[in-house]
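Dear colleague,

I am passing on a structure for you to look at, and my notes on what was found in it follow just below. Please keep the structure open beside you while you read them.

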Amino acid sequence: MTAIEYSDRPRRRGVNLEKWGWIYMRASGVVLIVLIFGHLFVNLMVGDGVKAIDFGFVGGKWADPFWQWWDVLMLWLALIHGANGMRTIVNDYTNPGVVQKVLKGALFASAAVLIILGTLVVFTFEPCPVGAPADLLPSFCAA
C-alpha cells in the first residue's frame with residue numbers, strides 16, 4: 001500500500017475559483033496593509049495631525065490624482081476582500097441551494113453598489129462647485 005492513493009474521479013478542468021479567491025485574500029491583504037498604514041500616516045501624522053482633518057483637507061487631498069487612485073484602490077481592495085471573506089463564511093455555514101445563492105447574490109450586489117458609489121464620490125468630488133450659492137460653499141472657496 002502506498003502513501004498516496006489516487007481517486008478514480010477525473011480531475012475537474014477549468015478555473016479553480018476557490019484557489020484564486022484564496023490567493024486574492026493573501027495578496028490583497030498585504031497590499032491593504034501598505035495602503036491603510038500609508039493612509040493613516042498621511043492623515044494622522046503628517047502636518048497638524050488629526051486636528052487638520054476636515055472638509056478642506058479631504059478636498060485638497062482629492063485634488064491630486066495620486067491620492068484619488070490611492071483611496072480608490074484601497075476602497076476596491078477592501079470591499080472585494082471583505083465580500084470574498086463573507087462569501088467564504090456563507091459557503092461554510094449554508095448548504096448549497098437557494099439560500100446560499102441569495103446570500104452570495106446580496107454580497108455581490110452590495111459590494112458592486114458600494115464600489116461604484118465610492119468610486120463616483122472620489123472622482124467627482126468638487127468642494128467648490130461652479131454656480132453654487134455662496135452661503136453653501138465652504139469658507140476656503142472663492143465666492
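Asn84 touches Gly21, Tyr24 and Met25, if one leaves aside the residues up to four places away from Asn84 in sequence. Please bear in mind that this is a predicted model, so that what I describe here was computed from predicted coordinates. Asn84 itself lies in helix α3, which covers residues 65-93. Is Asn84 buried or exposed? Its relative accessibility is 12%, and because buried means under 20%, Asn84 counts as buried. Across the chain, buried residues make up 23% of the 143 residues.

Turning to the chain as a whole, you will find 4 helices and 0 strands, and reading along the sequence gives the pattern α-α-α-α.

As for the overall dimensions, the C-alpha trace spans about 85 × 35 × 25 Å along its principal axes. The radius of gyration of the chain is 22 Å, whereas a compact globule of 143 residues would have a value near 15 Å. Among the contacts with a separation of 6 or more, 64% are accounted for by residues that stand 24 or more positions apart.

Finally, on the surface and the charges: the chain exposes about 10900 Å², of which carbon and sulfur atoms supply 70%. There are 11 positive and 10 negative side chains, and the centres of these two sets lie 17 Å apart.

With best wishes

Terms used. Residues numbered from 1 in each chain as written. Predicted model: local features only at pLDDT ≥ 70, side-chain atom pairs only at ≥ 80, totals over all residues. Heavy atoms only, no water. Helix = DSSP H or I, 4+ residues; strand = E, 2+ residues; numbered from the N terminus. Rg over C-alpha atoms; globule rule 2.2 N^0.38 Å. Buried < 20%, exposed > 50% of the residue type's maximum accessible area, 1.4 Å probe, protein only. Contact = heavy atoms within 4.5 Å. Areas by Shrake-Rupley, 256 points an atom, 1.4 Å probe, with all protein chains shown as cover. Lys, Arg positive; Asp, Glu negative; His and termini not counted. Charge placed at Lys NZ, Arg CZ, Asp CG, Glu CD.
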